Amino acid sequence: MENNKSFVWPQGILLALIALSGSLSLGLIVPMSLKSFYVDTTNAVDLKDIEIKGGAQERLNQLKLAMLTSWQQQARVKGLSYSIPARFQGVIVNRVKLAPNQKVIALTFDDGPWPEYTAKILNILRENNIQSTFFVVGQMLNNHPELGKQIVAEGHVIGNHTWHHWYHFFNQQAAAFEIDRTSDLIYELTGVRTNLFRPPGGMLHNGLAAYARGKKYTVVMWSADSVDYRSPSASVLTSRVLKQGSPGGIVLMHDGGGNRSHTVAALPQIISKFKQQGYRFVTIPELFELQEKDEKMIANTKK
Ligand SMILES: [Zn+2]
């Protein structure tokens with residue numbers, strides 16, 4: 001698999017993690033309304049509530065965390081960011097231009113990490129050998145750090161979706177708090193210095209996107225909206241995403257922010273139908289690199 005991220009995995013750790021994470025089960029059910037998420041998540045379920053079944057599971061979890069920590073220490077020393085072509089830095093992107101026969105698409109998940117759903121989505125992606133991009137909410141990551149670590153450890157890309165997921169106007173100082181604090185926590189937990197930002201609600205004019213652009217983040221929007229936050233049936237969700245899918249497209253879904261059982265139910269169908277159409281799945285930085293390569297090829301043929 002091509003890997004455009006600017007770091008290389010210690011292979012043994014990666015393989016062991018894949019094997020181990022298959023045996024992890026985060027059987028949490030969190031009855032929490034969407035409203036409560038956007039207003040206050042201080043009552044979110046603590047991960048100490050996760051049931052550990054017997055000593056074996058506990059030892060596996062400890063081993064997994066030890067491996068993650070050792071990798072994250074290495075990553076931190078290197079201060080890793082995603083490799084983003086210059087033209088995509090500090091700009092707003094909702095898709096990339098690829099040749100119509102370049103059937104490549106990027107799945108993105110917002111508002112996590114969230115108990116139950118993030119882990120289920122990670123399982124589905126792993127089973128399908130797909131890497132995607134997660135835009136995390138800082139305070140959720142603070143509540144569920146091990147899910148954030150798992151996202152990165154399993155090869156997915158992590159982006160910034162602010163600390164609070166608020167929609168109001170932010171002055172420079174408030175925007176800095178929302179974005180810097182989230183990126184700092186991502187770095188602290190995973191060793192990744194993310195340079196990808198997605199504004200809550202896709203709002204581009206409330207001070208957040210402007211701050212992010214000033215800091216050279218790519219503001220990542222989308223070209224296909226699943227509208228999964230309205231909890232449509234899995235089949236409606238699947239056909240809606242498929243209808244909007246196109247080469248170079250970016251699909252918006254949610255692993256957090258409320259009950260995401262419909263997203264979890266639809267995801268395997270979405271993946272298999274795209275695959276039937278000849279699509280493959282990439283992360284956001286990989287998508288940007290593909291456009292660079294495509295254009296270089298066109299330039300070369302013209303010479
Ligand atoms: Zn969001």
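Contact here means heavy atoms within 4.5 Å. In the predicted model described here, Leu-107 touches Leu-125, Ser-132, Thr-133, Val-251, Met-253, Leu-267, Ile-271, Phe-281 and Val-282, with residues up to four places away in sequence left out of the count. Leu-107 belongs to the largest nonpolar core, which has 56 residues. Within this core, Leu-107, Leu-125, Leu-196 and Leu-267 touch the most other members. Helix H10, residues 261–276, gives the most to the core, contributing six residues. A second core, separate from this one, has 12 residues, among them Ile-179, Phe-197, Leu-208 and Ala-212. In soluble globular proteins, nonpolar side chains tend to be buried together.

Ile-179 gives a view of the second core. This residue is located in helix H7, and its relative accessible area is 0%, so Ile-179 is buried. When residues up to four places away in sequence are not counted, Ile-179 touches Asn-160, Phe-197, Leu-208, Tyr-211, Ala-212 and Tyr-217. Ile-179 and Ala-212 are 33 residues apart along the chain, and their C-alpha atoms are separated by 7.4 Å.

Helix H7 itself was examined next. It has 19 residues, which at 1.5 Å a residue should span 27 Å; the end C-alpha atoms are 26 Å apart, in agreement with that value. The buried residues of H7 are Ala-175, Ala-176, Glu-178, Ile-179, Thr-182, Ser-183, Leu-185, Ile-186, Tyr-187, Leu-189 and Thr-190. The list thus takes in polar residues such as Glu-178, Thr-182 and Ser-183. At the start of the helix, a side-chain oxygen of Asn-171 comes to within 3.1 Å of the backbone nitrogen of Gln-173. Just after H7, Gly-191 has a positive phi of about 85°.

The zinc ion is coordinated by Asp-111 through OD and by His-161 and His-165 through NE2, at 2.1 Å. The spacing of these donor residues in sequence is D-x49-H-x3-H. Asp-111 and His-161 link distant parts of the chain: Asp-111 is in the loop between E3 and H4, His-161 is in the loop between E5 and helix H7 (172–190), and the two are 50 residues apart. Asp-111 is buried, its relative accessible area being 1%. His-161 is likewise buried, with a value of 1%.

Strand E5, residues 157–160, is covered on both faces. Val-157 and Gly-159 are buried on one side, and Ile-158 and Asn-160 are buried on the other. In a regular strand the side chains alternate between the two faces of the sheet. E5 runs parallel to E4, and four bridges join the two strands. Phe-135 stands opposite Gly-159 in E5. Asn-160 of this strand is also one of the residues that Ile-179 touches.

The segment leading into helix H4 contains a cis peptide bond, which joins Gly-112 and Pro-113 with an omega of about -5°. Pro-113 lies in the loop between strand E3 (104–110) and H4. Thr-118 is part of helix H4, which covers residues 117–127. At 0% relative accessibility, against a limit of 20%, Thr-118 counts as buried. The side chain of Thr-118 reaches the backbone nitrogen of Trp-114 at 2.8 Å. With neighbours within four places in sequence set aside, Thr-118 is in contact with both residues of the cis bond, Gly-112 and Pro-113. Its other contacts under that condition are Leu-147, Ile-151 and Asp-255.

Two residues other than glycine have a positive phi and are described here. Asn-129, with phi near 55°, lies in the loop between H4 and strand E4 (133–136). Asn-129 is exposed, with a relative accessible area of 64%. Val-227 has a phi of about 50° and is found in the loop between strand E9 (224–225) and helix H9 (234–244). Whereas Asn-129 is exposed, Val-227 is buried, with a relative accessible area of 13%.

Note on methods: Residues are numbered from 1 along each chain as its sequence is written. This is a predicted model: local features need pLDDT of at least 70, side-chain atom pairs count only at pLDDT 80 or more; totals for chains, interfaces and linings use all residues. Side-chain values use heavy atoms; hydrogens and water are left out. Buried means under 20% relative accessible area, exposed over 50%, partly exposed in between (1.4 Å probe, protein chains only). A polar contact is a pair of N or O atoms within 3.5 Å; within protein, one must be able to donate a hydrogen and the other to accept it, and residues adjacent in sequence count only if both atoms are side-chain atoms. Two strands pair if DSSP finds at least two bridges between them. Donors are N, O and S atoms within 2.8 Å of the metal (3.2 Å for Na, K and Ca); water is not among the atoms, so sites may look incomplete. A nonpolar core is a set of buried Ala, Val, Leu, Ile, Met, Phe, Trp, Tyr and Cys residues joined through side-chain atoms within 4.5 Å. The expected span of a helix is 1.5 Å times one less than its number of residues.
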